[in-house]
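Work through the exercises below with the model open. Try each task before reading its solution.

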Amino acid sequence: MRVLAYPDPFLRRKVNPVKEISGQLREGIAEMFLTMYEAKGVGLAATQVGLDEAVFVLNLKGDPSGEQVFINPELVAIDGDRCEIEGCLSVPGLEAKVRRGAHVHVRALDIDGNPFEVEGADLMARVLQHELDHLAGTLFIDKVGPATRIGLRSRLKELEERYGALNER
Ligand code: ZN
């Protein structure tokens, strides 16, 4: 699997909900974990690897006990407000401060289709919101303030040119 990079239009897709947790989907999820580890990320959404499925994976611990799969995730509640530096495997070489909720409550299905709920604070809250955004076609660069956005412009232009060069062939 390859991690799609900005401005790939697939990253703007609003994914379809998962109807059935098939063998193919399970294989896709296993591959998503491998791809995420290879890229040294803590979270990865299906849209980032070209899968049209409402799924993201994350691991904030770095060992297998920290692996979590979120299928058809929903934001149940959000509160507080925090502005911290954030990056994304699909926007390489770029970081910016993003304002997000400080606490979130998310509901989803696990890999066996069982519903579960998590409440996240700090980094967990940030990663959950970042990955939920991916499934709705939103990137963290859409959420930065106008002054920050000016600072990002040259790097975004480089990524646009790289994407253009790759897709001309
Ligand atoms: Zn991301």
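**Exercise 1. An aromatic pair**

Start with one ring. Phe 56 has a relative accessible area of 0%. Keep in mind that this is a predicted model. Task: decide whether Phe 56 is buried or exposed, then classify its pairing with Phe 70.

Solution.
- Step 1. Buried means under 20% relative accessible area. Phe 56, at 0%, is therefore buried.
- Step 2. Phe 70 also has 0% relative accessibility, so Phe 70 counts as buried.
- Step 3. A pair of aromatic rings is described by the distance of the centres and the angle of the planes.
- Step 4. A search of the whole structure gives three aromatic pairs. For Phe 56 and Phe 70, the ring centres are 4.7 Å apart and the planes lie at 20°, so this pair is stacked.
- Step 5. The pair links distant parts of the chain, 14 residues apart: Phe 56 sits in strand S2 (residues 55-59) and Phe 70 in strand S3 (residues 67-79).
- Step 6. Phe 116 joins Phe 56 and Phe 70 in one aromatic cluster.

**Exercise 2. The zinc site**

Task: find which residues coordinate the zinc ion and how they are spaced in sequence.

Solution.
- Step 1. Look for donor atoms at 2.0 to 2.3 Å from the zinc ion: they are SG of Cys 88, NE2 of His 130 and NE2 of His 134.
- Step 2. Write the spacing of these donor residues: C-x41-H-x3-H.
- Step 3. Cys 88 and His 130 link distant parts of the chain, 42 residues apart. Cys 88 is in the loop between strand S4 (82-87) and strand S5 (95-100), while His 130 is in helix H2 (residues 122-135).
- Step 4. Check burial. Cys 88 counts as buried at 10% relative accessibility. His 130 is buried too, at 7%.

**Exercise 3. Cysteines**

Task: state how many disulfides the structure has, and place Cys 83.

Solution.
- Step 1. The search of the whole structure finds zero disulfides.
- Step 2. For Cys 83, the nearest cysteine sulfur is that of Cys 88, 17 Å away.
- Step 3. Cys 83 has 32% relative accessibility, so Cys 83 counts as partly exposed.

**Exercise 4. Helix H3**

Task: test the span of helix H3 (residues 146-168), then say where H3 bends.

Solution.
- Step 1. At 1.5 Å a residue, the 23 residues of H3 should span 33 Å.
- Step 2. The end C-alpha atoms of H3 are 31 Å apart, which agrees.
- Step 3. H3 bends by about 45° at Leu 152.
- Step 4. Buried residues in H3 include Leu 152, Arg 155, Leu 156 and Leu 159. An α-helix has 3.6 residues a turn, so residues three or four places apart point the same way.
- Step 5. The buried residues of H3 pack against S5.

Technical notes: Residues numbered from 1 in each chain as written. Predicted model: local features only at pLDDT ≥ 70, side-chain atom pairs only at ≥ 80, totals over all residues. Heavy atoms only, no water. Donors = N, O, S within 2.8 Å, 3.2 Å for Na, K, Ca; no water. Helix = DSSP H or I, 4+ residues; strand = E, 2+ residues; numbered from the N terminus. Buried < 20%, exposed > 50% of the residue type's maximum accessible area, 1.4 Å probe, protein only. Expected span 1.5 Å × (residues − 1). Bend = angle between axes of the 7 residues up to and from the residue. Contact = heavy atoms within 4.5 Å. Phe/Tyr/Trp six-rings, centres within 6.5 Å; stacked < 30°, edge-to-face > 60°. Disulfide = S-S within 2.5 Å.
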